[in-house]
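Please open the structure in a viewer and keep the selection panel at hand. This tour proceeds stop by stop, stating at each one what to select and what is found there.

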Amino acid sequence: RSRSRSRSRGRGRSTSRGGRDRSRSPAPRGEVSSEVMPLDEVEVAYLLGRNGSTKQRIANFTGARLEIDSQKNGGRIEVIGTPEERDLARLCVDITLQQRNNGKVNVDPEKIESRKDASWVEVPKDAVGFILGAKGNTLRSFEQRHRVFMFFDTEHMRDGKRRLYILGDSKGRKGAVRDCESAVDYKMSGNGSLRSRRDTGDERPRYTEDYTLRDRSRDRERRRSRSRSPP
């Protein structure tokens, strides 16, 4: 149900949403450099998020440094990092800004799936809301746990399933795929993650409709504290 694919891609001049040019400082492969993307006022506020949380979330897993300059009639974002880090950060900035429109994201599946840093999971339509969680909280918890960026292809349905894309390094993607598949199994069968835990002995999270990863972690710590307490 999940896949990842690797293929080399040519890197030429690129444009952001709506064909806007990005100014870029040329650099050899692997060398840290920077590029600038223009933003309007609404985009500046959305990318910053509460207390800079959205900007920091993108920076945390891409490895790039993001500097947002807010100006009277808009602003700009400077992306600083290696070519690979900047490429991933640009994509995530673009997708994040698209999500302002009720979470709708329009991407070219072929381009996403050709990336070496992309994996995906096929999620049945009935499990999409469960994976997202209230206000996207469950999906964000997966991102934080595995240091990846995740989003649904909201424009295409394949055999009654939505494709959930996961961007990041190999270790993070594998962990996110594992947890997402466990959550889908639990939603669709009622005992998918319980079976996986019993058979494999791993530490996949268990889910209920209102039982979050944070709840699970908190309860585990309580049990450990009780076991260490003297009788």
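The tour begins with the whole chain and then turns to individual helices, strands and residues.

**The whole chain**

Before selecting anything, please note that this is a predicted model. Display the chain as a cartoon: its secondary structure comprises 9 helices and 8 strands. Of the 231 residues in the chain, 45% are buried. Switch to a surface view, and the area that the chain exposes is about 13200 Å². Carbon and sulfur atoms supply 43% of that exposed area. Contacts along the chain may be considered next. Among those between residues at least 6 apart in sequence, 64% join residues at least 24 apart.

**Helix α2 and its surroundings**

Select residues 53-62, which form helix α2. Which residues of α2 are buried? They are Thr 54, Arg 57, Ile 58, Ala 59, Phe 61 and Thr 62. Now show the elements around the helix. The cover over the buried residues of α2 includes α1 (41-48), β4 (65-71), α3, α6, β7 and β8. Moving past the end of the helix, select Gly 63, which follows α2 and has a positive phi, near 85°.

**The pair α2 and α3**

Keep α2 selected and add helix α3, residues 83-98. Two packed helices are described by the angle between their axes and the distance between the axes. For α2 and α3, the axes come within 10 Å and cross at roughly 145°. The crossing of α2 past α3 is right-handed. Display side chains at the contact. From α2, the participants are Thr 54, Arg 57, Ile 58, Phe 61 and Thr 62. On the α3 side they meet Glu 85, Leu 88, Ala 89, Cys 92, Val 93 and Thr 96. By class, the residues of this contact are 6 nonpolar, 3 polar and 2 charged.

Remain on α3 and select Pro 83, which is found in this helix. Is Pro 83 buried or exposed? Pro 83 counts as buried because its relative accessible area is 10%, and the limit for buried is under 20%. Add Ala 64 to the selection: although 19 residues separate Pro 83 and Ala 64 in sequence, their C-alpha atoms are 9.5 Å apart in space.

**Strand β6 and Pro 124**

Select residues 118-124, strand β6, where Pro 124 is located. Pro 124 has 16% relative accessibility and therefore counts as buried. Which residues does Pro 124 touch, leaving aside those up to four places away in sequence? The answer is Gly 160, Lys 161, Val 184 and Met 188. Next, draw a distance from Pro 124 to Arg 158. These two residues are 34 apart along the chain, and their C-alpha atoms are separated by 9.2 Å.

**Two loop residues**

Select Lys 135, in the loop between α5 (125-132) and α6 (137-146). This residue is not a glycine, yet its phi is positive, at about 55°. Lys 135 is exposed, with a relative accessible area of 85%.

Then select Asp 159, in the loop between β7 (149-152) and β8 (161-167). Asp 159 is likewise not a glycine and has a positive phi of about 50°. The relative accessible area of Asp 159 is 80%, and the residue is exposed.

**The pair α6 and α7**

Select α6 together with helix α7, residues 170-189. How far apart are the axes of α6 and α7? They are 9 Å apart, and the helices pack at an angle of about 145°. Here too the crossing is right-handed, with α6 passing α7. On the α6 side, Phe 142, Arg 145 and His 146 take part. In α7 they meet Gly 172, Gly 175, Ala 176, Arg 178, Asp 179, Cys 180 and Ala 183. This contact has 4 nonpolar, 3 polar and 3 charged residues.

Within α7, select Val 177. Val 177 is buried, with a relative accessible area of 9%. Leu 164 lies 13 residues from Val 177 in sequence, and the C-alpha atoms of the two are 9.4 Å apart.

**Two cysteines**

For the last stop, select Cys 92 and Cys 180. Cys 92 is buried at a relative accessible area of 0%, and Cys 180 is buried at 0%. With a disulfide taken as a pair of cysteine sulfur atoms within 2.5 Å, the count of disulfides is 0.

How values were computed. Residues are numbered from 1 along each chain as its sequence is written. This is a predicted model: local features need pLDDT of at least 70, side-chain atom pairs count only at pLDDT 80 or more; totals for chains, interfaces and linings use all residues. Side-chain values use heavy atoms; hydrogens and water are left out. Buried means under 20% relative accessible area, exposed over 50%, partly exposed in between (1.4 Å probe, protein chains only). Axes are lines fitted to C-alpha atoms, for helices over the stretch in contact, and angles run from 0 to 180 degrees between N-to-C directions. Helices (H or I, at least four residues) and strands (E, at least two) are DSSP runs, numbered from the N terminus. A crossing is left-handed if the near helix is turned anticlockwise from the far one by less than a right angle, and right-handed if clockwise. Contact means heavy atoms within 4.5 Å. Ala, Val, Leu, Ile, Met, Phe, Trp, Tyr, Cys and Pro count as nonpolar, Asp, Glu, Lys and Arg as charged, and the others, Gly among them, as polar. Accessible areas come from the Shrake-Rupley method with a 1.4 Å probe; for residues, only the protein chains shown count as cover.
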